[in-house]
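Trainee: I would like to go through this model step by step, beginning with its interior. Please reason each answer through to the value or name I ask for.

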Amino acid sequence: MTLMDTMLKRRSTRTFTNEPVTKDELDKILQAALLAPTSMDRKPCNFMVVERKEVLMQLSQCKDHGAGLIEKADKAIVVLADTMLADTWCEDSSIALTYMHLMATELNLGSCWVQVHLRSKDKTPAEEVVREILKIDSHYRIVGILALGHSDNIPEPHTLKDIDKNKIHFLV
């Protein structure tokens, strides 16, 4: 599969089967995360792999909407960025999440990026909720969580016909 094929195939998956993600699959996804570029190569991101069902259930309730799918995922990877290492934590975390999302697609796994940054649970920032669940120090910021698992409900790939070339502007 080419990179373009992987990008076209990458779709958010919100339902998962009971088939576990293998150690080899997880290792490849984490390798992709660690290969993600960061500003000035500061590498502020850390990756917390969550497998325990009770913790997945708690994370599935970390915000008012859109996190429920975590409960049925086999694993979730919480991306933490150390603000004492870089002020580009949001960008660096987003790139790492994207790399993991693409690797999951390459491995024919279902995945979904669950936004945490700028979301809330009953008016409490979702980052604070996740920080409390996982006992994370306050100098770490949390952009999102990647829910992972096998799925028999992955949407059809995009095609190049789906792209909107009107979004491209040339200054000549």
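Trainee: Which residues of the largest nonpolar core touch the most other members?

Mentor: This is a predicted model. Its largest nonpolar core has 25 residues, and α3 (53-59), β2 (75-82), β3 (110-115), α5 (126-134) and β6 (140-149) each supply at least two of them. The members that touch the most others are V50, L59, I70, V78, V130, L134 and I145.

Trainee: Which residues does V78 touch, leaving out those up to four places away in sequence?

Mentor: V78 is among the core members that touch the most others. With the sequence neighbours up to four places away left out, the contacts of V78 include L59, V130, L134 and I145, which are also named in that group of core members. The full list for V78 is N46, F47, M48, V50, L59, V130, L134, I142, G144 and I145.

Trainee: How many residues are in the second, separate core?

Mentor: I29, C45, M100 and L109 are included in this second core. It is separate from the core that contains V78. Its count is 18 residues.

Trainee: What is the strand order of the open sheet?

Mentor: β1 and β2 pair antiparallel over six bridges, and V50 has A76 in β2 as its bridge partner. Eight bridges join β2 to β6, again antiparallel, with K75 paired to L148. β6 is also joined to β3 by six antiparallel bridges, where C112 stands opposite A147. The order is therefore β1-β2-β6-β3.

Trainee: Which strands are at the edges of the sheet?

Mentor: β2 is bridged to β1 and also to β6, while β6 is bridged to β2 and also to β3. An edge strand pairs on one side only. The edge strands are β1 (45-50) and β3.

Trainee: How many of the ten residues of β6 are buried?

Mentor: The cut-off for buried is under 20% relative accessible area. By that criterion β6 is mostly covered. The number of buried residues is nine.

Trainee: At what angle do α2 and α4 pack?

Mentor: α2 covers residues 23-35 and α4 covers residues 89-106, with the two axes 8 Å apart. The contact is made by K28, I29, A32, A33 and L35 of α2 and by A96, Y99, M100, M103 and A104 of α4. By class, nine of these residues are nonpolar, none is polar and one is charged. The crossing is right-handed, and the angle is about 145°.

Trainee: What angle does the direction of α4 make with that of β6?

Mentor: Both helices pack on the sheet: α2 touches β1, β2 and β6, and α4 touches β1, β2, β3 and β6. The direction of α2 makes about 160° with that of β1. For α4 and β6 the angle is about 5°.

Trainee: Is M40 buried or exposed?

Mentor: M40 lies in the loop between α2 and β1, and its phi is near 55°, a positive value in a residue other than glycine. Most residues other than glycine have a negative phi. The relative accessibility of M40 is 64% and the cut-off is over 50%, so M40 is exposed.

Trainee: What is the relative accessible area of K135?

Mentor: K135 lies in the loop between α5 and β6. Its phi is near 55°, also a positive value in a residue other than glycine. K135 counts as exposed because its relative accessible area is 61%.

Conventions
Residues numbered from 1 in each chain as written. Predicted model: local features only at pLDDT ≥ 70, side-chain atom pairs only at ≥ 80, totals over all residues. Heavy atoms only, no water. Axes fitted to C-alpha atoms, helices over the stretch in contact; angles between N-to-C directions. Helix = DSSP H or I, 4+ residues; strand = E, 2+ residues; numbered from the N terminus. Left-handed = near helix turned anticlockwise from the far one by under 90°. Contact = heavy atoms within 4.5 Å. Nonpolar A, V, L, I, M, F, W, Y, C, P; charged D, E, K, R; others polar. Core = buried A, V, L, I, M, F, W, Y, C linked by side-chain atoms within 4.5 Å. Buried < 20%, exposed > 50% of the residue type's maximum accessible area, 1.4 Å probe, protein only. Pairing = 2+ DSSP bridges.
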